[in-house]
Amino acid sequence: MKNSKFKIEPKTLRLLKQIGQLALQRGENAYAVGGFVRDLFLKKPVMDIDITVEGDGIAFAEALAQKTGSRVEAFTRFGTSIVIMPGFGKIDVATARTETYEKPGDLPIVEKSGIAQDLFRRDFTINSMALNLSPASFLKLLDPFRGLEDLKKGRIRALHPLSFVDDPTRVFRAVRFEQRFQKKIEPETEKWLTDSLRHRSMNTVSGERLRNEFQLIFKEPHPEKAVKRLAELDVLTCVHPSLGLSGATLKKLSQVSKTLEFFKKNKIALEDEKMVWFQTLLLKSSATQAESLSRRLMLSRTEQKIVIQSVDVCPVLLNTLSASKVTASHMNRLLSPLAAEVQCFLMALAAPTLWRRMAVYFLKIKNLKPWLRGRDLKVFGIPPGFRYSYILLEALNGQLDGRFKSRGEVLRWVKKTFAS
């Protein structure tokens with residue numbers, strides 16, 4: 001019997017039928033599972049399809065790829081594959097499996113299983129629903145843990161007491177789903193979560209996995225809400241003692257969103273937006289603590305540079321920038337050596353008056369075309385050397401502050417002052 005509580009796009013529906021028919025031909029059972037099913041019931045856009053097969057998931061993915069003219073990538077350790085389908089996107093295909101953990105925080109040991117056991121291994125009930133794709137039971141819902149009920153009642157509920165011990169990164173997922181879907185972590189689940197933190201479960205997780213979880217948090221539509229919730233649950237200090245939010249930082253979270261929106265709207269480039277959010281967690285850290293955290297989370301060299309730079313300069317530089325007599329050229333001298341992510345974060349910390357001044361500066365510098373270039377100095381016969389940098393910088397500063405009104409004025413200044 002078909003479930004009529006959701007709508008599926010015709011293109012997706014045809015593909016699901018094709019998958020079900022292929023499973024029948026192979027003597028296997030295939031199911032749409034996890035976030036795909038959850039988002040259908042939430043009436044949210046479905047980006048990717050997750051398929052679980054009672055059988056050989058890798059062989060099934062290869063057969064599906066051959067049938068649809070797609071490319072497949074297999075991950076044999078977990079019995080999973082990704083089918084990249086032209087004109088459609090990504091389809092994750094997995095073998096139905098159980099997972100056991102030798103030690104908390106380790107990656108799981110995987111064994112084949114049926115769909116019921118596969119659903120039980122998942123993180124939360126709202127992700128433990130499946131739709132049968134067999135032609136005889138097409139789109140029939142399997143919901144052994146009442147995930148649909150929890151979805152309707154606004155609950156994020158784990159499946160068993162050891163869920164956060166087995167995989168402590170589920171703590172981050174609980175917060176992400178709570179904020180993204182505007183649900184609430186169910187009280188017993190929250191107790192399991194906090195118990196696992198008290199037993200130092202985060203110490204068992206690799207730095208790489210923790211870093212990835214923070215990155216996912218910062219990609220959410222409203223990272224400020226998730227960050228605040230992580231602080232409330234004491235997750236941050238459990239990851240590292242230097243992480244945390246002061247009262248002053250909490251008040252600045254909405255300002256971070258506002259500043260990032262300003263950068264996006266005006267197409268001011270940021271190579272790594274998540275690092276702006278990451279700096280909010282480090283305001284109370286010393287340089288030594290920031291270095292320790294960088295090692296714990298296995299940050300890249302570029303990420304480490306941003307973290308250390310932010311801790312080193314932010315408090316002092318913010319006071320300097322707040323001075324009313326700071327000119328555009330002075331601001332440029334202070335900000336230009338910094339990573340764009342640190343510049344953005346400084347602006348987010350700024351009081352309203354300074355925020356507006358920095359906004360004017362960033363728009364001016366973004367659209368500024370320097371009137372003087374290196375080739376102009378060559379024309380004047382000025383020999384290349386350290387003077388080039390000095391002359392070009394002084395010309396730019398004069399242009400920013402309005403001391404030069406045109407390219408012609410700059411060229412006359414160079415000729416008078418530096419040309420022999």
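The legends below describe close-up views of a predicted model.

**View 1. The open sheet and its edges.** Seven strands form an open sheet with mixed pairing, and their order across the sheet is β3-β4-β5-β2-β1-β8-β9. At the edges lie β3, which spans residues 71–75, and β9, which spans residues 140–142, each of them pairing on one side only. On average, and with direction ignored, neighbouring strands of this sheet are turned by 30° against each other.

**View 2. Strands β2 and β5 with the helices that pack on the sheet.** Strand β2 (residues 49–54) pairs with strand β5 (residues 89–95) in the parallel sense, over five bridges, and within this pairing valine 53 has threonine 95 of β5 as its bridge partner. Helix α1 (residues 10–26) packs on the sheet, where it touches β1 (29–33), β2, β4 (80–85) and β5, and its direction makes about 15° with that of β2. Helix α3 (residues 57–68) also packs on the sheet, touching β1, β2, β3, β4 and β5, while its direction makes about 10° with that of β4.

**View 3. Lysine 267, a residue with positive phi.** Most residues other than glycine have a negative phi. Lysine 267, although not a glycine, has a positive phi of about 55°, and its place is in the loop between α12 (247–265) and α13 (274–280). Because its relative accessibility is 73%, lysine 267 counts as exposed.

**View 4. Methionine 298, in the loop between α14 and α15.** The phi of methionine 298 is near 50°, a positive value in a residue other than glycine. The loop that holds methionine 298 runs between α14 (287–296) and α15 (301–321), and this residue, with a relative accessible area of 45%, is partly exposed.

Terms used. Residues are numbered from 1 along each chain as its sequence is written. This is a predicted model: local features need pLDDT of at least 70, side-chain atom pairs count only at pLDDT 80 or more; totals for chains, interfaces and linings use all residues. Side-chain values use heavy atoms; hydrogens and water are left out. Two strands pair if DSSP finds at least two bridges between them. Helices (H or I, at least four residues) and strands (E, at least two) are DSSP runs, numbered from the N terminus. Axes are lines fitted to C-alpha atoms, for helices over the stretch in contact, and angles run from 0 to 180 degrees between N-to-C directions. Contact means heavy atoms within 4.5 Å. Buried means under 20% relative accessible area, exposed over 50%, partly exposed in between (1.4 Å probe, protein chains only).
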